[in-house]
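Please walk through this protein with me, beginning with its empty space and moving from there to the strands, a helix and the overall fold.

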Amino acid sequence: MEYGEMKKGRFLRRPNRFIAYVEIDGKEEICHVKNTGRCRELLRPGAEVCCAVSDNPKRKTKLDLITVRKGDRLINMDSQAPNTAAGEWLRSGGLGRAELVKPEQRFGQSRFDFYLERQGKPMYLEVKGVTLEEGGVCRFPDAPTERGVRHLHTLMRAVEQGHRATVFFVVQMDNVRDFAPNDETHPAFGEALRQAASAGVQVLAYSCHVTPEEVTMDRPVPVLL
């Protein structure tokens, strides 16, 4: 996934979920935050950020906050990037060659990010973007997610009906050690993830290669349940 023109800046403050104030070239600018999560460990005053420039004349803000530097890591915090990067990867043969890769497919009461067919066998795949990291260990979620729990239960029902199902954690940074559910923040999600794995849902995590201008799928990350 590639972005267009980018501008470096320094994070100042975030008055609400949707906007942030960033200093760029000595001037305070308003940026759209493409991630409604808390991201408190990322968006700290003075943090180096990169913003994408929009050429849409109808937009109120001309900048999107895309990446933030945390220590020696550049982290992509665009909540749309995991689906886009995963879609590109799946269509290029990630998880094996598939005859069909279709986004946004409903199953039961949930809408999953991707539906795949390989040798006529269907798979439902749900993508979860991961930005929470400490000492190389990545965790999800960074805030309670009842929607995420519902997705896992629906994936289990898909397996019960004879389908393949995968939950795919896209870690939006390089050089991480492993991935685990964030039991401290949402123990119900961790419990549901373990139940899903035991029921036959495939649990995968992949890191990404991240630059200010691009994010691409990189390598598998060990999943600790």
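A pocket, in the sense used here, is an open set of grid points with protein on both sides within 12 Å along at least five of seven lines, and a residue belongs to the lining if it has an atom within 4 Å of a point. The model in which such pockets are sought is a predicted one. Its largest pocket has a volume of about 800 Å³. Of the 31 residues that line the largest pocket, those closest to its centre are N35, T36, S79, G129 and F140.

Which elements each supply at least two residues of this lining? They are the helices α1 (81-91) and α2 (146-160), together with the strands β8 (110-118), β9 (121-130) and β11 (137-140). Among the contributions to the lining of the largest pocket, the largest share is that of β9, with 5 residues. In chemical character, the residues of the lining divide into 12 polar, 11 charged and 8 nonpolar.

One of these lining elements, β11, can be followed into its pairings with two other strands. Strand β10 (residues 132-134) runs antiparallel to β11, the two being joined over 3 bridges, and within this pairing E134 stands opposite V137 of β11. The two strands form a hairpin with 2 residues between them, and G135, which lies in the turn, has a positive phi of about 60°. With strand β13 (residues 178-181), by contrast, β11 pairs in the parallel sense, over 4 bridges; here C138 has F179 in β13 as its bridge partner.

Another contributor to the lining, α1, has a number of buried residues: A81, P82, A85, A86, G87, W89 and L90. Just after α1 comes G93, which takes a positive phi of about 110°.

Stepping back to the whole chain, the protein contains 15 strands and 3 helices, and 52% of its 225 residues count as buried. Among contacts between residues at least 6 apart in sequence, 62% join residues at least 24 apart. Along the principal axes, the C-alpha atoms fill a box of roughly 60 × 35 × 30 Å. How does the radius of gyration of the protein stand beside that of a compact globule, and why is the value for the globule what it is? Because the protein has 225 residues, a compact globule would have a radius of gyration near 17 Å, and the 18 Å of the protein agrees with this.

Terms used
Residues numbered from 1 in each chain as written. Predicted model: local features only at pLDDT ≥ 70, side-chain atom pairs only at ≥ 80, totals over all residues. Heavy atoms only, no water. 1 Å grid on protein atoms, 1.4 Å probe; cavity = no way out; pocket = protein on both sides within 12 Å on 5 of 7 lines; lining within 4 Å. Points joined across faces, edges and corners; volume = space filled by probe spheres on them. Nonpolar A, V, L, I, M, F, W, Y, C, P; charged D, E, K, R; others polar. Pairing = 2+ DSSP bridges. Rg over C-alpha atoms; globule rule 2.2 N^0.38 Å. Buried < 20%, exposed > 50% of the residue type's maximum accessible area, 1.4 Å probe, protein only. Contact = heavy atoms within 4.5 Å.
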